[in-house]
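Keep the sequence and the 3D view open side by side. This report walks through a sheet, a helix pair and a few single residues.

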Amino acid sequence: MRALLALLLLLVVSAAPGWAAGPLSYQLKPVAIAPDTWVFEGTREHFTRSNGGNILNPGFIVTDDGVIVIQTGPSRRFGEEMRAAIATVTDKPIRKVFVSNLHPDYWLGNRAFADVPIAALPGTIEGIKAEGQGMTENMYRLVGDWMRGTEPLVPTEAVYGSTVVFGAHRLRLIPLEGHTAADLAILDETTGVLFAGGVVFSDRTPTTPHADIGRWLAALDALDALDVTVLVPNHGRIRSDKAAIAQTRDWLTWLDRTLRERAEGGADMAELLDAPIPERFAGMGVLREEYRRSVSHLWPRIERAILPRVN
């Protein structure tokens with residue numbers, strides 16, 4: 001009887017959402033994408049208790065002056081595992097961390113890098129100061145035990161548009177806006193690798209909680225003008241072309257036009273939630289879910305802009 005009860009308990013626990021045998025681990029594996037350059041590829045999902053928030057593509061560059069880290073991930077645990085994985089590639093010290101925007105999967109691993117400068121655009125720093133605690137609490141609700149020990153750590157160094165040199169690598173820091181109020185892209189002019197920050201999605205539906213679509217489209221145009229050999233999107237498949245820029249632009253243009261046309265036609269937000277989505281977007285991750293979230297994010301502003309013209 002005891003054995004049967006133990007077996008039933010095991011089945012119940014193992015079926016619970018977010019349960020995993022043994023200690024939680026992201027099982028991070030650095031993937032080489034260019035000379036001296038590695039990325040940790042995330043899933044094309046939402047934050048869940050099964051993925052621990054691992055939906056981003058953070059990376060690092062090994063230079064003669066030390067290691068440059070780009071994004072620290074969604075939790076302190078992630079940052080610590082990321083740092084341990086970097087140590088399997090090189091014994092050089094971490095020189096600097098760059099954070100591209102205020103969304104939690106970019107910077108909640110900062111505590112694992114508290115001993116080095118953590119740099120971000122001024123708008124990102126201010127956004128994290130204002131919203132970081134709330135974002136952290138929300139991540140605890142979304143992914144649970146993965147977040148243990150995670151506390152907000154605001155970036156310590158403001159950066160602007162410039163070119164900085166680490167060893168043989170020339171990194172162009174490109175301040176943008178649109179996905180959020182401050183989006184940092186980083187182009188390694190030495191290798192042609194573009195870390196596109198929050199601006200480019202690849203086969204994953206863009207997120208819009210802080211979006212300004214017009215400015216976002218302008219940011220995509222700026223990135224499209226760059227000479228790029230490898231494009232690392234914030235979410236989704238890493239590419240050796242600029243197709244992800246075109247895909248992100250196509251989605252945002254369709255989304256903005258559709259919402260504006262429906263608002264001008266007198267539709268309400270509820271009608272939009274189940275509206276058809278063009279077949280060309282069918283391969284993008286979490287399509288319907290992110291579309292609905294975008295409707296809720298963008299509709300109030302569009303409706304306010306349209307109403308004075310239709311009344």
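How many bridges join S1 to S2, and do they run parallel or antiparallel? Three bridges join these two strands, and S1 and S2 run antiparallel.

First, some ground rules. This is a predicted model, in which local features need pLDDT of at least 70 and side-chain atom pairs count only at pLDDT 80 or more, while totals for chains, interfaces and linings use all residues. Residues are numbered from 1 along each chain as its sequence is written, and side-chain values use heavy atoms, with hydrogens and water left out. Helices (H or I, at least four residues) and strands (E, at least two) are DSSP runs, numbered from the N terminus.

**The sheet**

Seven strands form an open sheet with the order S1-S2-S3-S4-S5-S6-S7. Its pairing is mixed. Two strands pair if DSSP finds at least two bridges between them. Strands of a sheet pair through backbone hydrogen bonds, either parallel or antiparallel. The edges are strand S1 (31–34) and strand S7 (157–158), each of which pairs on one side only.

Start at the S1 edge. Ala34 has Thr37 of S2 as its bridge partner. The hairpin of S1 and S2 has two residues between the strands. Asp36 in this hairpin takes a positive phi near 70 degrees.

Move on to S3. Strand S2 (residues 37–39) is joined to strand S3 (residues 59–63) by three bridges, and the two run antiparallel. Here Trp38 stands opposite Phe60 in S3.

Next come S4 and S5. Four bridges link strand S4 (residues 66–70) to S5, and this pair runs parallel. Val67 stands opposite Ile94 in S5. Strand S5 (residues 94–98) has four of its five residues buried, so it is largely enclosed by the rest of the structure. Buried means under 20% relative accessible area, exposed means over 50%, and partly exposed lies in between (1.4 Å probe, protein chains only).

Helix H2 (residues 76–87) lies across S3, S4 and S5. H2 runs at about 145 degrees to S4. Axes are lines fitted to C-alpha atoms, for helices over the stretch in contact, and angles run from 0 to 180 degrees between N-to-C directions.

**A helix pair**

Helix H5 (residues 213–224) packs against helix H6 (residues 243–264) at an angle of about 160 degrees. Their axes are 10 Å apart. H5 and H6 are therefore roughly antiparallel (angles under 35 degrees count as roughly parallel, over 145 as roughly antiparallel, 65 to 115 as roughly perpendicular and the rest as oblique). Residues of H5 in the contact (heavy atoms within 4.5 Å) include Trp216 and Leu220. On the H6 side, Arg249 and Leu252 are among them.

**Three buried residues**

| Residue | Place | Relative accessible area |
|---|---|---|
| Met139 | helix H4 (residues 122–143) | 1% |
| Asp203 | loop between strand S12 (201–202) and H5 | 16% |
| Val286 | loop between helix H7 (269–272) and helix H8 (287–310) | 15% |

What does Met139 touch, leaving aside its neighbours within four places in sequence? Its contacts are Phe47, Pro74, Pro104, Leu108, Gly144 and Met147. The C-alpha atoms of Met139 and Thr150 are 9.7 Å from each other, and the two residues are 11 residues apart along the chain.

The loop residues have another feature. Most residues other than glycine have a negative phi. Asp203 is not a glycine, yet its phi is positive, about 60 degrees. Val286 also has a positive phi, near 40 degrees.
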